[in-house]
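User: I'd like to learn how to read a few features in a structure, starting with enclosed spaces. Could you walk me through them?

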Amino acid sequence: MKFTKMQGCGNDYIYVNGFEEQIRKELKPDLVRRLSDRHFGIGGDGVIFINPSTEADFEMEMYNADGTRAEMCGNGIRCVGKYVYDKCLTNSDHISVISAGKVKYLDLIVEKMPGQPGDRGSVVQVRVNMGSPVMEPALIPVEARGDRVVDEPILVDGREYRMTCVSMGNPHAVIFARDVAQMKLEQTGPLFENHVRFPKRTNTEFVEVLDRKTAFMRVWERGTGETLACGTGCCAAAVACVLNGLTDNAVTVRLLGGELLIEWDREKNLIYMTGPAVTVFEGEIEVDVLQIMNGEL
C-alpha cells in the first residue's frame, strides 16, 4: 500500500489515496492502529483516507491513532488540500472536502518553488472555511444546563477548572490557565477526555492568552493524546477567547508545532483557519489483509 506522510504544525497523519488503495472498512481500525504506531509502524497521529465523493470534490475519511473515527481535523484537512493539488487530482485552487457528512471549503495558496519544473507550483498554505461554531451543549455534546457552556466550572480529580465548550464538528473543552507550557498533560488530559460530562469524550485545549491578538495552546486530543497542534482545537480556543472577552476576533494561536491564524467572522458566524501543509515523505508498506484479520501485524 502506498502512503504519504504529511503534517500541519507538527500534527502528522498518514495519507492514503482511496481512489487507488482499496481497504475493506471493517479492517481499517486495526490497520490504522498498526500504521500509526511510532515504533512498529509508519508513525502518526492517525490515518486519513482521501476518497471520491458525490457530495463534494473529495471525502476525508479520518481515523485517530487508536483506530476510532474522528469527525474533523483542521490540520488534516489542510494537508488533504495540498495532497489532491500536488498529486494533480484537481487543477483548482478552490475545492470542497466532506468529512463525516460536513462539507468544508478550502482556498489553496500555491507557490512556485525554486528549481521546481513546470508552472504548476505546489500548495504551501491553506485557508479553510471551518463553518459555524456550535455552542448548544447537546450538540457538542456535553452534559450541562442552559444554552451555552461558557466559563463553567468542572471538577477534575478534585480540582475545579473553568471550561468553555465548543464543537467544530468535534467536541472541545477549552480551559484557560497560566503556565500552560509547564502543565502535565499526560496526567490531566485523559481525565478530561473521559470525564462523565462528555458522552463522546472530548478534545481538551489548555490556553494561555498572551495579548488581544495572540494565545498559546497545548492540546490533548481524544483517541490520540497530546499532539503538537490541533486545527479544530485552535478554532474552538479562538471562539472561547472571544466569548470570554479575552481577545479580538482574529487570533494567532501558537502551538508546540507552529502557528495558526484563526478569524471569526461574527456577522456571518463563520470561522476561517489559515496555516501550513507540508509533505514529509512518501513510501510503500506491505499490508497483509489476512494478518490484519488475525491480529498478527
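Analyst: Gladly! In this predicted model, the largest cavity has a lining made up of Met 62, Asn 64, Ala 70, Met 72, Asn 170, Asn 203, Glu 221 and Arg 222.

User: How many residues of each class, nonpolar, polar and charged, are in that lining?

Analyst: The lining of the largest cavity has three nonpolar residues, three polar ones and two charged ones. The space in this cavity comes to about 50 Å³. Searching the whole structure turns up one cavity of 30 Å³ or more.

User: Let me pick one lining residue, Asn 64. Is it buried or exposed?

Analyst: Asn 64 is buried, its relative accessible area being 3%. This residue belongs to strand β4.

User: Which residues is Asn 64 in contact with, leaving aside neighbours within four places in sequence?

Analyst: Asn 64 is in contact with Val 32, Asp 45, Gly 46, Arg 69, Ala 70, Arg 222, Gly 223 and Thr 224. Ala 70 and Arg 222 also appear in the lining of the largest cavity.

User: Next, salt bridges. What is the general idea, and how many are there here?

Analyst: Side chains of opposite charge can pair when their charged atoms come close. In this model the count is 20 salt bridges. One of them joins the side chains of Glu 61 and Lys 28, at 2.8 Å from N to O. Glu 61 sits in strand β4 (residues 58-64) and Lys 28 in helix α1 (residues 28-36), so this pair ties together parts 33 residues apart in sequence.

User: Are Glu 61 and Lys 28 buried or exposed?

Analyst: Glu 61 is buried, with 2% relative accessible area, and Lys 28 is buried as well, with 7%.

User: Which residue forms a salt bridge with Asp 151?

Analyst: The partner of Asp 151 is Arg 162, and their closest N and O atoms are 3.4 Å apart. Asp 151 lies in the loop between β8 (122-131) and β9 (152-156), while Arg 162 is in strand β10 (residues 159-167), so the bridge ties together parts 11 residues apart in sequence. Asp 151 is partly exposed at 37% relative accessible area, and Arg 162 is partly exposed at 38%.

Arg 254 and Glu 259 make a further salt bridge, with 3.5 Å between the closest N and O atoms. Arg 254 is partly exposed, at 38% relative accessible area, and Glu 259 is partly exposed too, at 44%.

User: Which residues are linked in a network of salt bridges?

Analyst: One such network links Lys 5, Asp 12, Arg 38 and Asp 45. You met Asp 45 above, in contact with Asn 64.

User: Last topic: disulfides. What is one, and how many does the search find?

Analyst: A disulfide is a covalent bond between the sulfur atoms of two cysteines. Here the search of the whole structure finds zero. Take Cys 79: the nearest cysteine sulfur belongs to Cys 73 and is 8.1 Å away, and Cys 79 is in no disulfide. Cys 79 is buried, with a relative accessible area of 0%.

User: Why does Cys 241 have no bond to its closest cysteine?

Analyst: Because the sulfur of Cys 241 is 10 Å from the closest cysteine sulfur, in Cys 234, which is too far for a bond. The cut-off for this step is sulfur atoms within 2.5 Å. Cys 241 counts as buried, at 1% relative accessibility.

Note on methods. Residues numbered from 1 in each chain as written. Predicted model: local features only at pLDDT ≥ 70, side-chain atom pairs only at ≥ 80, totals over all residues. Heavy atoms only, no water. Salt bridge = Lys/Arg side-chain N within 4 Å of Asp/Glu carboxyl O. Helix = DSSP H or I, 4+ residues; strand = E, 2+ residues; numbered from the N terminus. Buried < 20%, exposed > 50% of the residue type's maximum accessible area, 1.4 Å probe, protein only. Contact = heavy atoms within 4.5 Å. 1 Å grid on protein atoms, 1.4 Å probe; cavity = no way out; pocket = protein on both sides within 12 Å on 5 of 7 lines; lining within 4 Å. Points joined across faces, edges and corners; volume = space filled by probe spheres on them. Nonpolar A, V, L, I, M, F, W, Y, C, P; charged D, E, K, R; others polar.
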